[in-house]
Amino acid sequence: MRLYALAVYAFLYLPIAIIALFSFSAGRSAASLQGFSVHWYHKALHNPFVLEALWTSVRVAFLSALLATIAGTLASLALTGMRGRVRAIFDTLVQVAVMIPGIVIGIATLIALVSVFDLVNPWLEPLTGLKLSLGTGSLVAAHGLFTMSLVILLVRGRMESLDPALIEASGDLGATPVATFFQVTLPQILPAIMAGFLLAFTFSFDDFIIAFFVAGSDTTLPIYIFSSIRRGVTPEINAIGTMVMGASLTILIVAQVMLRRSQAQPRP
Amino acid sequence: MAITRRQARALLLTPAGLWYAALLLLPLAVVLIFSFGERSPIGGYAPGFTLEQYANLPSRFAAFRNTLTLAPLGTVAALLIAYPLAYFLALRVDPKWKTLLLVLVIVPFWTSILIRSYAWIFLLGGKGIPALLAQFGLEDIRLLNTPFAVLLGIVYGYLPLMVFPIYVALEKLDKRLLEAAADLGTPPWRSFLQITLPLSMPGVLTGSMLVFILLMGEFLIPSILGGGKVFFIGNAMVDLFLQSRNWAFGSAVAVALVVIMLITVAIYSRLIKRFGASRDDVGLM
């Protein structure tokens, strides 16, 4: 049993480990291991295309995670303890947003935005000189839609496990609802909110499929990696992949630990 | 100025509500409308009301066939690999290590599927496993760009999602039932078949549903590990929207995919209900 578990963990982690190992190779070919060097890291970090893509990815991930966390947390506050039609509608929206394949949402968003822009731009452009187009804005909006749903699931789950007696006690002791929120509720749901933000950030940072459709002329890091892979396996991609993996793993482990510490029972 | 509870709720829900309306409902509505339209001569969409696009779906038969064979295969393979691991984590492991081991299972799911699939190009490519096999006399074995590579990639990608719901179901299982069975002299394999397995069915079904649905919408893994030879519905959609710019037909394919998914969810929900589980413990995070 234990051996079996070990084998599954190896299956999950070995491929990543091998990429990491080969990224330190000094050789020119991606598939040979010669010596040890950080040459490819140096090269990747001085590649202007990589840096630009990285900056776009970080910007989009941060903005979409921030907005998704705010909108998702606000919605969770309203939805907790709520019943009736509005609650049912939101529950369905959250589920649809999480379950619908990235490819469908990516393509649907692409054609909807392009159609809307085609309608709006002939009016907008002569008036303001602005022209709507795909790019950072559409990336933030599309990523945020998915990650806001994650935040709602996490924060609402946490809210619903809170002890209502604490909130009542705070009210009985004369605290205003706003004071109760900041002094009683918020400290208890903060770990879930932070974990939601971190998950949202990594989702956006790692997402390829939605970005592929709605990025317009912008290039995010996953889009850059995808187009490089099509040209073949290179040690530079190994180095970039290792860095992205390292960053995501670190953020995710922090998020998971926060989530689990904030909950009595482990909840996936 | 005091506001009522109702107004406060409406205010709190506004940003999320607008976001869902503009970027979920509107895009899905557009796809549905476009699927009844026509391809404009210069590519893109021309208004119309025709069922022509739906009638044309069989022309993409290969993509539907590949998806509807590899997705169930991938789901079953993931289930067979995941179940023993979930069992081990829920019933056999030292509680001290549980959290860490669980985190280690779920974390890969949230990392870049792109880079994880890329790792398999590396392993399955000419200088990876095939070169290793050649040393044992098994030459000319082609792994990359085959259905096998795609299957391996999807199992690798979605395994964590299968482990979690099964783990949750097994964790909730009342261990006294197993003790009682043992006290009454039931052999372990029988108590597994008669107690553990039936009680973990909700987790099995939830995991299978999640994995199956996500597999049906897969595009990246077939395109990276299938080398354009193993086409999924998702690949057909990308081709239609980005290469042939036939938005109307592409939309019909998208609608067909969503309909197949909805049917799947409906069947699974019914099965899950029969096994008497709450749907709350769908484990995504």
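# Two helical chains in contact

Colleague: How many helices and strands are there in chain B, and what counts as one?

Modeller: Chain B has 12 helices and two strands. Helices (H or I, at least four residues) and strands (E, at least two) are DSSP runs, numbered from the N terminus. From that terminus, the order in chain B is α-β-β-α-α-α-α-α-α-α-α-α-α-α. This is a predicted model: local features need pLDDT of at least 70, side-chain atom pairs count only at pLDDT 80 or more, and totals for chains, interfaces and linings use all residues. Residues are numbered from 1 along each chain as its sequence is written, with chains lettered from A and ligands numbered from 1 in the order in which they are written.

Colleague: How many helices and strands are there in chain A?

Modeller: Chain A has 11 helices and zero strands. Its pattern reads α-α-α-α-α-α-α-α-α-α-α. The C-alpha trace spans about 70 × 65 × 30 Å along the principal axes. For chain B the box is roughly 80 × 75 × 35 Å.

Colleague: What makes L24(B) buried or exposed?

Modeller: A residue is buried if 20 or more other C-beta atoms lie within 10 Å of its own, exposed if 12 or fewer, and partly exposed in between; C-beta atoms are placed from the backbone. L24(B) has 23 C-beta neighbours inside 10 Å, so L24(B) counts as buried. By that rule, 46% of the 285 residues of chain B are buried. In chain A, buried residues make up 44% of 268.

Colleague: Where is L24(B) found, and which residues does it touch?

Modeller: L24(B) sits in helix α1 of chain B. Leaving out residues up to four places away in sequence, L24(B) touches L93(A), V96(A), A97(A) and L145(A). Contact here requires C-beta atoms, placed from the backbone, within 7 Å.

Colleague: How many residues does each chain bring to the contact?

Modeller: Chain B brings 61 residues and chain A brings 63. Helix α1 (residues 5–34) gives the most to the chain B side, with 15 residues. By class, that side has 49 nonpolar, eight polar and four charged residues. Ala, Val, Leu, Ile, Met, Phe, Trp, Tyr, Cys and Pro count as nonpolar, Asp, Glu, Lys and Arg as charged, and the others, Gly among them, as polar.

Colleague: What makes helix α5 (residues 102–128) of chain A short of a straight helix?

Modeller: The expected span is 1.5 Å times one less than the number of residues. With 27 residues, a straight helix would reach 39 Å, but the end C-alpha atoms of α5 in chain A are only 34 Å apart. A kink of about 45° lies at N121(A), shortly before the proline P122(A). The bend is the angle between axes fitted to the seven residues ending at a residue and the seven starting there. Just after α5(A), G129(A) has a positive phi of about 80°.

Colleague: What is the mean pLDDT of chain A, and where does pLDDT stay under 50?

Modeller: pLDDT is the predictor's confidence in each residue, from 0 to 100. The mean for chain A is 88, and 96% of its residues reach 70 or more. Over residues 264–268 of chain A, pLDDT stays under 50. The model has 10 contacts for that stretch beyond four places in sequence.

Technical notes. Two residues are in contact if their C-beta atoms, placed from the backbone, lie within 7 Å.
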